[in-house]
Amino acid sequence: MTATGWVGGLTIRPNLRPPTADYLCTRCWHHQRLTGRDAIRYGARDLPITHRAVCPALSKERTT
Ligand SMILES: [Zn+2]
């Protein structure tokens with residue numbers, strides 16, 4: 001994965017000021033950002049999990 005080829009998912013940039021974690025859902029293109037060292041350390045892993053629970057594209061798949 002390259003810096004210019006981001007196609008979604010979880011990307012963590014610990015060297016930014018402040019450190020930033022981005023999550024882009026490739027199904028519904030929902031974007032969520034966490035900033036702050038502690039926030040990304042403890043929260044970034046949960047971004048895909050918590051979004052999957054509310055993703056409108058996934059819930060659509062489930063009901064059809
Ligand atoms: Zn989604």
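**A β-hairpin and a buried alanine**

Strands β2 (residues 20–24) and β3 (residues 31–35) form an antiparallel pair joined by five bridges. The model is predicted. Within this pairing, A21 sits opposite L34 of β3. Six residues separate the two strands of the hairpin.

W29 belongs to the loop between β2 and β3. Its phi is positive, at about 60°, although W29 is not a glycine. W29 is classed as exposed because 9 C-beta neighbours lie inside 10 Å, and the exposed class covers 12 or fewer.

A second backbone feature precedes β2. The peptide bond from R17 to P18 is cis, and its omega is near 0°. P18 is placed in the loop that runs between β1 (9–13) and β2.

The overall arrangement is as follows. The protein contains three helices and three strands. Read from the N terminus, the order of elements is β-β-β-α-α-α. The chain of the protein has 64 residues, and buried residues account for 11% of them. Contacts were also sorted by sequence separation. Of those between residues at least 6 apart in sequence, 34% link residues at least 24 apart.

A44 lies on the helical side of this order, in the loop between α1 (37–43) and α2 (46–54). A44 counts as buried because 20 other C-beta atoms lie within 10 Å, and the class requires 20 or more. Residues up to four places away in sequence were set aside in listing its contacts. On that basis, A44 touches L10, I12, A21 and L34. Two of these partners, A21 and L34, are the residues that stand opposite each other in the β2–β3 pairing. A distance to β3 was also computed. The C-alpha atoms of A44 and Q32 are 10.0 Å apart, with the two residues 12 places from each other along the chain.

A44 also appears in the largest nonpolar core. This core comprises six residues, namely A21, Y23, L34, I40, A44 and L47. In soluble globular proteins, nonpolar side chains tend to be buried together. A21 and L34 thus recur in three settings. They face each other across the hairpin strands, they are in contact with A44, and they are members of the largest nonpolar core. The loop residues A44 and W29 fall into opposite classes: A44 is buried, whereas W29 is exposed.

Definitions and conventions
Residues are numbered from 1 along each chain as its sequence is written. This is a predicted model: local features need pLDDT of at least 70, side-chain atom pairs count only at pLDDT 80 or more; totals for chains, interfaces and linings use all residues. Helices (H or I, at least four residues) and strands (E, at least two) are DSSP runs, numbered from the N terminus. Two residues are in contact if their C-beta atoms, placed from the backbone, lie within 7 Å. A nonpolar core is a set of buried Ala, Val, Leu, Ile, Met, Phe, Trp, Tyr and Cys residues joined through C-beta atoms within 7 Å. Two strands pair if DSSP finds at least two bridges between them.
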